[in-house]
Number of protein chains: 2
Amino acid sequence: MDAGQNSKQLFKLNDQATTYKRPSLQELLERNAQRAQDFKPILTFDDMSNLPVEKQIPMPKIFIVSCDDPRIIASDFLGLKQWDAVVATGVAGRIAHQFENMLFLDHFLHFEDIMIIHHTNCSAGIFKNDEIHKALEERAPGHPSIRLPGYEDLEQSVRDDIEFVKNSPLVRKELADRTTGYIYDIHTGKLNPVI
Amino acid sequence: MDAGQNSKQLFKLNDQATTYKRPSLQELLERNAQRAQDFKPILTFDDMSNLPVEKQIPMPKIFIVSCDDPRIIASDFLGLKQWDAVVATGVAGRIAHQFENMLFLDHFLHFEDIMIIHHTNCSAGIFKNDEIHKALEERAPGHPSIRLPGYEDLEQSVRDDIEFVKNSPLVRKELADRTTGYIYDIHTGKLNPVI
């Protein structure tokens, strides 16, 4: 698909859908109230540490950055069980936006691996940073430039993100060395490593 | 629970768990290969726009920021169906780390609501930014200060994040006005609005 106006028309077209009605925020809050009625309390960290050692759950050692596109659910395509990994999501799965989050968690979890996962047909590859920067500049002229998640080339975006981690002096070297990148193919469901 | 050393011991304790073996990165990749064997291709944006209008799915209008703690699954406690909302996750659900992501998506999705969701017993309330800043400063002296997700007060962290959105000239006023905050209570499963 071409970028720009076509993409905008595409998203407008989808907005005319009639079969499925989008829930309002109020409806989401009602769904939560409904679900809370037969809710089983989640264990606190204290609760967990008070279990006998053999029943405790080991803390996650893998930090995953993936896209917040609702079609892309890393826990599903990786078959994650609770605590297998931390999954941070944002547009395209760019590490820059999750970097301080990762550093914070790494301080006490001591991650062993960082997995950076981008995917085919990502909106960040369809829309362009330039267009959005221009629109934001019009909205708030002179505002300092910000780091948007869009990219020109899918594989290169993964490589750039791996380099981002490896080039930061804030990351432990052994963790930087074990930072790997992948492209999730929405046609095959396969995670393809980016070398 | 007290902060600092106690929390560190807590996470070490959990690391001795024996019943559940944490999967390696290689095992996660194998789980993906397994799941890809009977995978049904996901529709691309083009595929979706080529469906008859009544069968198309309306694009999401709610941007949710929530925690990447594996116990806290916003799509579960809000009963989200595919495309009901975009859920961006990071430590504690702090908006600062998702801000450019939100601006990027808002450019073509035109969100109607932003929901900021923090939760009880969050590691970002247990660990302190100061401690982590100090450790990072030792690792890379003189590195520019970064914005860590930890907070001192749970309700205030939600209010601060709402203010962060409302105070930015980069956010459309109608969206800033409809930015709301919540605390998810892991004992009750209820989402409590923060006023």
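This briefing covers the fold, symmetry, pockets and selected residues of the structure above.

The model is predicted. Chain A has 9 helices and 5 strands. Chain B can be laid on chain A by a turn of 180°, with an RMSD of 0.0 Å. The largest pocket holds about 760 Å³, and a search for disulfides finds 0 over all chains.

**Overall build of chain A**

- Chain A has 195 residues, and 55% of them are buried.
- Its C-alpha atoms fill a box of roughly 60 × 45 × 40 Å along the principal axes.
- Read from the N terminus, the order of elements is α-α-α-β-α-β-α-β-α-α-α-α-β-β.
- Contacts in chain A often span long stretches of sequence: of those between residues at least 6 apart, 68% join residues at least 24 apart.

**Symmetry of the two chains**

- Two copies of a chain are related by a rotation about an axis and a shift along it.
- Here the rotation that lays chain B on chain A is 180°, and the shift along the axis is 0.0 Å.
- The two copies are therefore related as by a two-fold rotation axis.
- The copies meet through the same surface, because 100% of the interface residues of chain B are also interface residues in chain A.

**Helix 5 and the residue after it**

- Helix 5 of chain A spans residues 99-109 and is mostly covered, with 11 of its 11 residues buried.
- Charged and aromatic names both appear in that buried set, including Glu100(A), Asp106(A), Phe99(A), Phe104(A) and Phe108(A).
- His110(A) follows helix 5 of chain A and has a positive phi, near 50°.
- In chain B, His110(B) has a positive phi of about 50° although it is not a glycine.
- His110(B) sits in the loop between helix 5 and strand 3 (113-119) of chain B.
- With a relative accessible area of 42%, His110(B) is partly exposed.

**Another positive phi**

- Trp83(B) is not a glycine, yet its phi is positive, about 75°.
- The loop between helix 4 and strand 2 of chain B holds Trp83(B).
- Trp83(B) has a relative accessible area of 4%, so it counts as buried.

**Largest pocket**

- Rolling a probe the size of a water molecule over the atoms shows where empty space is left.
- The largest pocket has about 760 Å³ of space.
- Its lining has 36 residues, and the closest to its centre are Ile73(A), Ser75(A), Ile73(B), Ser75(B) and Thr89(B).
- From chain A, helix 4 (74-77) and strand 2 (86-90) each give two or more residues to the lining of the largest pocket.
- From chain B, strand 1 (62-67), helix 4 (74-77) and strand 2 (86-90) do likewise.
- The lining divides into 19 nonpolar, 7 polar and 10 charged residues.

**Second largest pocket**

- The second largest pocket has a volume of about 610 Å³.
- It is lined by 25 residues, and those nearest its centre are Ala96(A), Glu100(A), Arg147(A), Glu100(B) and Arg147(B).
- Helix 5 of chain A and helix 5 (99-109) of chain B each supply at least two residues of this lining.
- One of the residues nearest the centre, Glu100(A), is also among the buried residues of helix 5 of chain A.
- By class, this lining has 13 nonpolar, 8 polar and 4 charged residues.

**Ile95(A) and its contacts**

- Ile95(A) lies in the loop between strand 2 and helix 5 of chain A.
- At 0% relative accessibility, Ile95(A) counts as buried.
- Beyond its neighbours within four places in sequence, Ile95(A) is in contact with Phe63(A), Val65(A), Ile114(A), Ile116(A), Asp161(A), Phe164(A) and Val165(A).
- Ile95(A) and Ile162(A) are 67 residues apart in sequence, but their C-alpha atoms are 8.2 Å apart in space.

**Cysteines**

- The whole structure has 0 disulfides over all chains.
- Cys122(A) is in no disulfide, and the nearest cysteine sulfur, that of Cys67(A), is 4.0 Å away.
- Cys122(A) counts as buried because its relative accessibility is 4%.
- In chain B, the sulfur of Cys67(B) is 4.0 Å from that of Cys122(B), its closest cysteine sulfur.
- That distance is too far for a bond, because a disulfide needs sulfur atoms within 2.5 Å.
- Cys67(B) is also buried, at 3% relative accessibility.

Note on methods:
Residues are numbered from 1 along each chain as its sequence is written. Chains are lettered from A and ligands numbered from 1 in the order in which they are written. This is a predicted model: local features need pLDDT of at least 70, side-chain atom pairs count only at pLDDT 80 or more; totals for chains, interfaces and linings use all residues. Side-chain values use heavy atoms; hydrogens and water are left out. Buried means under 20% relative accessible area, exposed over 50%, partly exposed in between (1.4 Å probe, protein chains only). Helices (H or I, at least four residues) and strands (E, at least two) are DSSP runs, numbered from the N terminus. Copies are superposed by least squares on the C-alpha atoms of residues with pLDDT of at least 70 in both. Contact means heavy atoms within 4.5 Å. On a 1 Å grid over the protein atoms alone, a cavity is a set of points where a 1.4 Å probe fits but cannot get out, and a pocket is an open set with protein on both sides within 12 Å along at least five of seven lines; lining residues have an atom within 4 Å of a point. Grid points are joined across faces, edges and corners, and a volume is the space filled by probe spheres set on the points.
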